[in-house]
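Please open the structure in a viewer and keep the sequence panel visible. The tour proceeds by selections, each followed by a description of what is found there.

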Amino acid sequence: MTQSRTTRQPQPRLTHPLRQAWTQVVRTARRTTADGLVVGTSGNVSARVGDTVLVTPSGVPYDRLGPRDAVAVDLDGQQVLGTLEPTSELPMHLAVYRETDAEAVVHTHAVHATAVSTLVDELPAIHYMTAALGGPIRVAAYALYGTDELADAMVEALRDRSACLLRNHGTVVHGATLDQAFDRTAQLEWMCRVWLTAVSVPGRTPTLIPPDELRRAADKLSGYGQPS
């Protein structure tokens with residue numbers, strides 16, 4: 001994977017679809033801080049509109065972001081909108097869009113998920129909602145943040161999954177929408193908290209859900225909710 005590079009361009013007109021997507025990116029980023037999934041400007045959020053990726057900028061508090069602060073790149077990492085520098089984790093976001101059909105990505109430094117990433121190579125199937133993320137959640141090998149090495153490790157961990165943990169780092173979750181990606185992120189953090197709570201009981205080992213039951217759960221979850 002070639003290191004993504006950004007080139008600042010004069011800011012073009014923010015079209016309606018891009019304006020809508022940017023509003024959702026900012027709203028989701030603010031939700032990550034409000035729900036304690038990130039601290040300060042850690043973590044990042046992106047959404048894809050065609051071949052354009054709107055992404056949070058590097059080092060700017062989310063409550064300061066407005067319509068004039070929109071940042072976008074193409075799938076090669078060339079900046080096509082805005083003057084602020086894109087997030088340092090741009091290689092991860094672009095790798096997700098290149099390798100999956102995702103339309104949104106949320107990356108956090110959630111406390112319980114980050115703790116789990118230091119303990120295991122895979123979050124066990126502690127709850128049936130594991131099936132909603134594709135199966136037991138893998139932990140990507142540690143690599144320096146913002147590097148292609150980290151993006152490559154993440155891609156491997158995301159194989160057949162919509163979420164993964166990053167060793168000593170945090171989470172990456174994708175979805176068809178930002179709401180879905182955020183909800184999956186919150187669910188992953190909750191499952192990590194459940195697992196940490198269960199394994200902390202002295203002398204007891206948590207029961208896990210076997211693969212055949214996870215498949216049954218996946219089938220049932222596929223029809224969950226109200227009809228479209």
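The stops below run from the annotated span and the sheet to the cores, the cysteines and two individual residues.

**The annotated span**

The model is predicted. Begin by selecting residues 23–196, where UniProt, in an unreviewed entry, places the feature "domain: Class II aldolase/adducin N-terminal". Helix accounts for 33% of this span and strand for 21%. A distance drawn between the C-alpha atoms at the two ends of the span should read 35 Å.

**The sheet**

Next, display the strands alone. In what order do the nine strands of the open sheet lie? The order is 4-3-2-1-5-9-8-7-6, with mixed pairing. Strand 4 and strand 6 (122–123) are the edge strands, each paired on one side only.

Towards one end of that order, select strand 2 (52–55) together with strand 3 (residues 72–74). These two strands are antiparallel and share three bridges. Within the pair, Thr52 has Asp74 of strand 3 as its bridge partner.

**Strand 8 and its neighbours**

Now select strand 8 (163–166). In a regular strand, side chains alternate between the two faces of the sheet. Here Ala163 and Leu165 point one way, while Cys164 and Leu166 point the other way. Are these four residues buried or exposed? All are buried.

Add strand 7 (residues 137–140), which pairs with strand 8 in the parallel sense over two bridges. Ala140 stands opposite Leu166 of strand 8. Including helix 4 (148–157) in the selection completes a right-handed β-α-β unit made of strand 7, helix 4 and strand 8.

Then add strand 9 (residues 170–175), whose pairing with strand 8 is antiparallel and runs over four bridges. In this pairing Leu166 faces Gly170 of strand 9. The two strands form a hairpin with three residues between them. In the turn, select Asn168, which has a positive phi of about 55°.

**Helix 2 and the largest core**

Move to helix 2 (90–99). Eight of its ten residues are buried, so that the helix is mostly covered. The buried residues are Leu90, Pro91, Met92, His93, Leu94, Ala95, Val96 and Tyr97.

Which element supplies the largest share of the largest nonpolar core? Before answering, select the members that touch the most others: of the 24 residues in this core, these are Met92, Val96, Met154, Cys164, Leu166 and Val172. Strand 2, helix 2, helix 4 and strand 8 each contribute at least two residues to it. The largest share, six residues, comes from helix 2.

Centre the view on Met92. Beyond residues up to four places away in sequence, Met92 touches His107, Leu150, Ala151, Met154, Leu166 and Val172. A second core, separate from this one, has 21 residues and includes Ala47, Leu54, Ala72 and Ala181.

**The cysteines**

Select Cys164 and Cys192. How many disulfides does the structure hold? There are zero. A disulfide is a covalent bond between the sulfur atoms of two cysteines. For Cys192, the closest cysteine sulfur is that of Cys164, and at 11 Å it is too far for a bond. Cys164 is likewise in no disulfide. Cys164 counts as buried because its relative accessibility is 0%. Cys192 is also buried, with a relative accessible area of 0%.

**Thr185 in helix 5**

Select helix 5 (residues 178–199) and, within it, Thr185. Thr185 counts as buried because its relative accessibility is 1%. Apart from its neighbours within four places in sequence, Thr185 is in contact with Leu37, Val106, Thr108, Thr171 and Val173.

**Ser88 and Gly146**

Finish in the loop between strand 4 (79–81) and helix 2, where Ser88 is found. Ser88 is partly exposed, with a relative accessible area of 35%. Which residues does Ser88 touch, leaving out those up to four places away in sequence? They are Ser58, Tyr145 and Gly146. Draw the C-alpha distance from Ser88 to Gly146: the two residues are 58 residues apart along the chain, and the separation of these atoms is 5.1 Å.

Methods. Residues numbered from 1 in each chain as written. Predicted model: local features only at pLDDT ≥ 70, side-chain atom pairs only at ≥ 80, totals over all residues. Heavy atoms only, no water. Core = buried A, V, L, I, M, F, W, Y, C linked by side-chain atoms within 4.5 Å. Buried < 20%, exposed > 50% of the residue type's maximum accessible area, 1.4 Å probe, protein only. Contact = heavy atoms within 4.5 Å. Disulfide = S-S within 2.5 Å. UniProt positions renumbered as here; feature names shortened; annotations may be inferred. Pairing = 2+ DSSP bridges. Right-handed = clockwise from strand over helix to strand, strands pointing away.
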